[in-house]
Amino acid sequence: MPPFTVLHVCMGNICRSPMAERLLALAVRERLTRRAQDPAQAEELVHSHSAGTGGWHAGEEMNPPAARQVTGRGGDVAGFAARKLRSDHIDAADLVLTATADQQEYVVALRPDAAARTFVLGEFGRLLAAVDAAALPPGDATPEAVYARGVAVVAAAHDARLGTSALPTDDLDDPWGRGDQCFSRVADEIEETVHPLAGVLLP
């Protein structure tokens, strides 16, 4: 059911997954703007949210250097509050993107039936490049069309990874407690996946 829902997962839900959540939302708004369509409808098309495998930061705002990366790239951090991952978050997601392979294993252990739609973020970015966009449903900017296209993209990415495994380089480094340069590099790596994802959802 629309909207196409992407759940981002990291450890504490104050650095990596919040950046991914908000940078994907930004990328969708930018795609709509390029298509001369109202970016305000982004949330109707793609719901991007996040959670952490640990709950010790629950209720906290995004870590300040992570927030700086989001706002510095044109995104919005308003209303964010960290939360602990629950099984119902996974159940409601059409795509789960984790910061690391360990977190992917955590998600799948919690909900084994989510294995086919759970990926390490960097892994999904690599697989996305192999997806044949011409074989996907039409790329219209309606909730139903984006949902159908998103579900097809996830299925194609899962098929493309059969017999392979995530690479160590697919993991996002944990930038917590490190400098802005580290946060900037991690945000760049997130954008290497979320920009192509927004592009394939809204060609």
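Helices (H or I, at least four residues) and strands (E, at least two) are DSSP runs, numbered from the N terminus. With that in hand, the order of elements in this protein reads β-α-α-β-α-α-β-α-β-α-α-α from the N terminus on, for 8 helices and 4 strands. Please keep in mind that this is a predicted model, where local features need pLDDT of at least 70, side-chain atom pairs count only at pLDDT 80 or more, and totals for chains, interfaces and linings use all residues. Residues are numbered from 1 along each chain as its sequence is written, and side-chain values use heavy atoms, with hydrogens and water left out.

**Overall dimensions**
- The protein has a radius of gyration (taken over C-alpha atoms) of 16 Å, which agrees with the value near 17 Å for a compact globule of 203 residues; the globule rule is 2.2 Å times the number of residues to the power 0.38.
- The C-alpha trace spans about 45 × 40 × 30 Å along its principal axes.

**Packing and contacts**
- Of the 203 residues, 50% are buried (under 20% relative accessible area, 1.4 Å probe, protein chains only).
- Among contacts (heavy atoms within 4.5 Å) with a separation of 6 or more, 76% come from residues 24 or more positions apart.

**Helix α6**
- Helix α6 covers residues 121–128, and 7 of its 8 residues are buried, so the helix is largely enclosed by the rest of the structure.
- Its buried residues are L121, G122, E123, F124, G125, L127 and L128.

**Surface**
- Carbon and sulfur atoms hold 55% of the accessible surface (Shrake-Rupley method, 1.4 Å probe), which comes to about 8800 Å².
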